[in-house]
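Biologist: Please pick one helix and take me through it slowly, then show me what else packs together in this chain.

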Amino acid sequence: MARVRVAVYVTRPSRNGTELLSFAHRDFPDAGIQVPAGGVDPGEDLETAARRECMEETGVTAIRDLRALGVEQSPHPATGQDRVTVFFHAVLDQPTADEWRHIVGGVGTDDGMVFDCRFAPVAEVGPTLVDGQETFVSMIAADVRPAVADARQLIERLRAQEDQAGQDFQGEDGQDSRGLPVSAGAAILERSGQALRHLDRVVVTEIGAHTRAASHPEVPTGTVDLSSGNPDPLLLPDLDRLATEAEPVDARYGEPRVLPRFAETFTDYAQRQGVPARADTLLPLPGGLFAVEYALSTLLSRGDRVAIESPGHQGDVLLLRSLGLTEVPVPVDQCGMDPRALRAVARDVQAVLIRPRAQNPLGAAVTAARAEELRAALSGSEALIVLEDHCGPVAGAPFHSPVPDGHPAALTVHSVSKWIAPDLRCAVVTGEPFLVDLLDRRRMLGGGWVSRRTQSLITAALDSPWAEELRQRARYAYAARRSALLGALAAQGVEALGNSGLHAYVAVRDEDAAVAGLAERGWLVSPGRSYGDLQGGIRLTVATLAESDAKRLADDIVAVGGRSWSN
């Protein structure tokens with residue numbers, strides 16, 4: 001079982017530059033130079049543990065600006081026990097001598113030990129640290145967003161899962177405590193720690209993107225939520241009504257996994273969207289992101305490189321790293337991926353992930369001209385191309401495929417979440433028959449099939465004239481809401497993005513100030529850094545934005561520092 005620990009770099013400014021707190025064992029000099037570190041007690045959160053270790057091992061009780069730098073997995077040098085350590089940085093917030101002797105207090109095995117503590121320049125102390133404690137020293141001066149809650153969620157989610165299993169282990173201090181099984185948790189946590197090491201590129205919320213709803217902030221009374229990414233519920237079909245129109249299903253084991261009528265109807269839908277499809281070559285899977293993960297994990301190998309949009313969907317980077325894949329960011333503008341940037345990496349990646357319309361967060365839509373440029377950029381590449389079309393008929397822009405003619409490995413993921421119901425958890429994969437068959441065969445080894453009742457509901461939604469009329473209304477409504485906001489901003493000289501889908505994107509001078517300022521004015525928005533935008537921006541879900549509120553929102557955006565994307 002893995003031991004959950006914390007380690008803390010405490011620094012202070014001085015005439016010699018930034019100095020780092022370290023200590024040595026008076027009676028055990030072979031133990032080497034260390035920083036405060038130790039195990040997390042049962043029921044203790046990471047931040048509390050970090051502050052406690054500083055106090056117990058050095059006597060320092062006042063620190064500020066505590067932030068997580070990263071996560072590391074390594075065995076104990078003496079016992080070999082597996083450990084998962086979250087590294088923190090904090091700034092000293094009390095008068096302290098340059099050197100002092102401290103007697104350790106507490107209830108662990110260190111109680112009564114004598115530590116010689118001192119502050120010295122980071123460049124002098126860092127290389128001397130033992131037990132891997134030098135790993136994140138180089139990030140002390142980095143401009144990293146505070147991530148205490150992020151790291152705590154990573155650890156505590158896995159710990160809670162382990163607690164449910166009721167498994168104990170023997171901790172470093174000889175006492176029983178809860179921990180993480182290496183096979184089920186620690187390895188995943190270590191990989192996700194790579195994201196913590198690059199918080200300037202992606203904000204870590206928790207492992208994977210599928211649980212975002214559980215961590216979505218509570219919306220204060222009187223605040224308009226423009227951060228959720230949800231469609232307008234009034235523009236989704238009534239599932240109870242669809243159920244009365246759906247074909248009855250009483251299927252059992254051994255029946256066809258894909259209803260013939262579903263296959264026929266969805267093939268017709270895909271073809272009308274401009275996507276080549278065959279009724280005998282499509283695969284329903286439980287959700288769009290699941291389908292993307294399923295394709296990548298089945299068809300790629302650890303270490304493979306995947307070109308992704310930047311800024312792009314907030315779960316992509318974590319997903320790739322959890323699979324042992326490497327992300328290759330490709331810049332995106334209002335028309336999709338930059339063809340020149342894609343051409344530069346096309347021969348060096350094993351996969352490309354593109355959202356041709358309703359791109360998140362920019363609302364980009366690949367135009368016919370851009371699609372031609374992207375096809376040229378990908379010409380000659382053998383990379384797997386995965387297109388994810390999550391807004392489909394309500395995107396407000398046509399589907400233009402960037403896949404070159406005759407490309408041997410391409411799949412399209414059609415999600416129904418934004419235009420039928422998020423809770424149906426269904427997406428359909430179409431594309432190269434051999435690849436779809438591989439996914440289908442692997443699916444049968446585990447999950448089997450998507451509920452035929454779900455397939456029947458989707459078939460009814462595609463067949464129903466009233467549901468089709470609702471989709472048309474949704475498409476026009478979302479376009480009108482995007483246009484109202486973009487027009488109101490343009491009237492004040494602010495050029496924003498939002499060619500398709502449910503979102504608009506606005507650049508801002510100071511992202512944190514803009515998010516906080518809009519919250520004070522009654523708007524909850526998503527920060528651009530969540531999507532890998534380092535220049536400063538905010539994403540606004542306009543799906544439920546009243547057109548009459550567009551001018552007030554635009555005024556507030558300008559007041560908090562909104563600026564044109566081109567600038």
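Modeller: Helices here are DSSP runs of H or I with at least four residues, strands are E runs of at least two, and both are numbered from the N terminus. The model is predicted, so local features need pLDDT of at least 70 and side-chain atom pairs 80 or more, while totals for chains, interfaces and linings use all residues. Residues count from 1 along each chain as its sequence is written, and side-chain values use heavy atoms, leaving out hydrogens and water.

Let's take H15. Just after H15 comes Gly522, with a positive phi near 95 degrees. At the other end, where H15 starts, a side-chain oxygen of Asp510 comes within 3.3 Å of the backbone nitrogen of Asp512.

H15 spans residues 511-520, and Glu511, Ala514, Gly517 and Leu518 are buried there (under 20% relative accessible area, 1.4 Å probe, protein chains only). Looking down the axis of H15, these buried residues sit within an arc of 130 degrees, so they line one face of the helix; the arc is taken from the directions from the axis to the C-beta atoms. Their cover includes strands S19 (503-508), S20 (523-524), S21 (526-527) and S22 (537-541), plus helix H16 (550-559).

As for packing elsewhere, Ile458 is in contact with Phe262, Phe266, Val416, Ile420, Leu424 and Cys426, ignoring neighbours within four places in sequence. Contact means heavy atoms within 4.5 Å.

Key:
Buried < 20%, exposed > 50% of the residue type's maximum accessible area, 1.4 Å probe, protein only. Polar contact = N/O pair within 3.5 Å; in protein donor to acceptor, adjacent residues only side chain to side chain.
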